Amino acid sequence: IPTTKENTTLRGIKLLVAEDNKMNQLLLKYIFEQWHLDFDFAETGNEAVEMVEKNNYDMVLMDIQMPGMDGYVAAEIIRKKLNSAIPIIAMTANVLPGEKEKCKNIGMNDYIAKPLNEKYLIELLLKNLPLSSNNYDREQAAKGLIDLLYLQNTFAGNKVFIKNILRQFVTQYPLELEELAISIKSRDIAKVKTQSHNMKTTISTLNNESLILADLEAMESFENNASNWVIIDHKMNMLMQYKDALLKEAGSIIQSL
């Protein structure tokens, strides 16, 4: 799990964890604090339903076996009575045939066995969390990656030089992304660190406050373990997702100068 300085992907997300086992609570508390996740614990199914009704959560991790109302009933109430579409991930120590199908039929989005595997838990979070606000920030950052005012101030309004910088970016950035993707695919942490460090210069030349810099800084800081590679893959997907928008913006500015 990355340290608090290394990850911003899930910052601001709020989870409800329906779990009565103190050991599992301690484990999840440790993981989520490293990830800047806001979270509450519910120790019964009844409490989980009440907390979903009263609070605004982004996801529920639902233990199936709890005292009183079990996780199946709680999930069914959340879906049918509260009419909530909040993502619900089932957690159970009983990996029985048909268990996953039962969870899905009740309306849960996914399933994880206990004891929890950190890498798989992170994958489930990234897969199921409604990161709309996070993606909105990233999209805005991508569309506004090139801060023209910053460029004009940095290079004394020299339009010819600014155009040359942007043309170099249009050529260089896709190649850097491709090389980074290859290094990530081959799990070469040394190259990932070097390439992400170099790409920070490419990005900061155009906008020294771009949120993309945070992704590159995280890649540069990550250590070589399975959980971190899940996040690196996710960050790479985000960079690729907005590549075309960034290049289009560069081209538009070149044409307008």
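1. Let's start with Phe39, and please keep in mind that this is a predicted model. Phe39 counts as buried because its relative accessibility is 15%, and the limit for that label is under 20%. Phe41 comes out on the other side of the limit: at 22% relative accessibility, Phe41 counts as partly exposed.

2. These two rings also belong together. Phe39 and Phe41 make an edge-to-face aromatic pair, with 5.7 Å from centre to centre and 70 degrees between the planes. Ring pairs bring in Phe32 as well, giving a cluster of Phe32, Phe39 and Phe41. The model has 4 aromatic pairs by the rule used here.

3. Do have a look at what surrounds Phe41, a residue of strand 2 (residues 38–42). Beyond its neighbours within four places in sequence, Phe41 is in contact with Leu16, Val17, Gln25, Leu28, Lys29, Glu47 and Met51. As for Gln25, the C-alpha atoms of Gln25 and Phe41 are 7.7 Å apart, although 16 residues separate the two along the chain.

4. Helix 1 deserves a point of its own. It covers residues 22–34, 13 residues in total, and spans 19 Å from first to last C-alpha, close to the 18 Å expected at 1.5 Å a residue. At its start, a side-chain oxygen of Asn21 comes to within 2.9 Å of the backbone nitrogen of Met23. Just after the helix, His36 adopts a positive phi of about 60 degrees.

5. Which residues of helix 1 are buried? They are Asn24, Gln25, Leu28, Ile31, Phe32 and Gln34. In an α-helix there are 3.6 residues a turn, so residues three or four places apart point the same way. The elements covering the buried residues of helix 1 include strand 1 (14–18), strand 2, strand 3 (59–63), strand 4 (88–92) and helix 5 (118–128).

6. Lys114 is one you may enjoy inspecting. It sits in the loop between strand 5 (110–113) and helix 5. Is this lysine buried or exposed? Lys114 is buried, because its relative accessible area is 14%, where buried means under 20%.

7. The side chain of Lys114 has two acidic partners to check on screen. One polar contact goes to the side chain of Glu19, at 3.0 Å, and another to the side chain of Asp63, at 2.9 Å. Not counting neighbours within four places in sequence, the residues in contact with Lys114 are Glu19, Asn24, Asp63, Met91, Thr92 and Ala93.

8. Another lysine takes part in a contact with a ring: the charged end of Lys102 sits over the ring of Tyr72, 4.1 Å from the ring centre.

9. Finally, the nonpolar interior. The largest nonpolar core has 55 residues, and Leu15, Phe32, Leu166, Tyr173 and Leu180 have the most contacts inside it. Helix 8 (residues 159–185) gives the most to this core, with 8 residues. Apart from this core lies another, of 25 residues, among them Ala42, Val60, Ile78 and Ala90.

10. For a close-up of the largest core, try Leu180, one of the residues with the most contacts inside it. Setting aside residues up to four places away in sequence, Leu180 touches Val192, Gln195, Ser196, Met199, Leu216, Met219, Met236 and Leu239.

Methods: Residues numbered from 1 in each chain as written. Predicted model: local features only at pLDDT ≥ 70, side-chain atom pairs only at ≥ 80, totals over all residues. Heavy atoms only, no water. Core = buried A, V, L, I, M, F, W, Y, C linked by side-chain atoms within 4.5 Å. Buried < 20%, exposed > 50% of the residue type's maximum accessible area, 1.4 Å probe, protein only. Helix = DSSP H or I, 4+ residues; strand = E, 2+ residues; numbered from the N terminus. Contact = heavy atoms within 4.5 Å. Phe/Tyr/Trp six-rings, centres within 6.5 Å; stacked < 30°, edge-to-face > 60°. Lys NZ or Arg CZ within 6 Å of the ring centre and 35° of its normal. Expected span 1.5 Å × (residues − 1). Polar contact = N/O pair within 3.5 Å; in protein donor to acceptor, adjacent residues only side chain to side chain.
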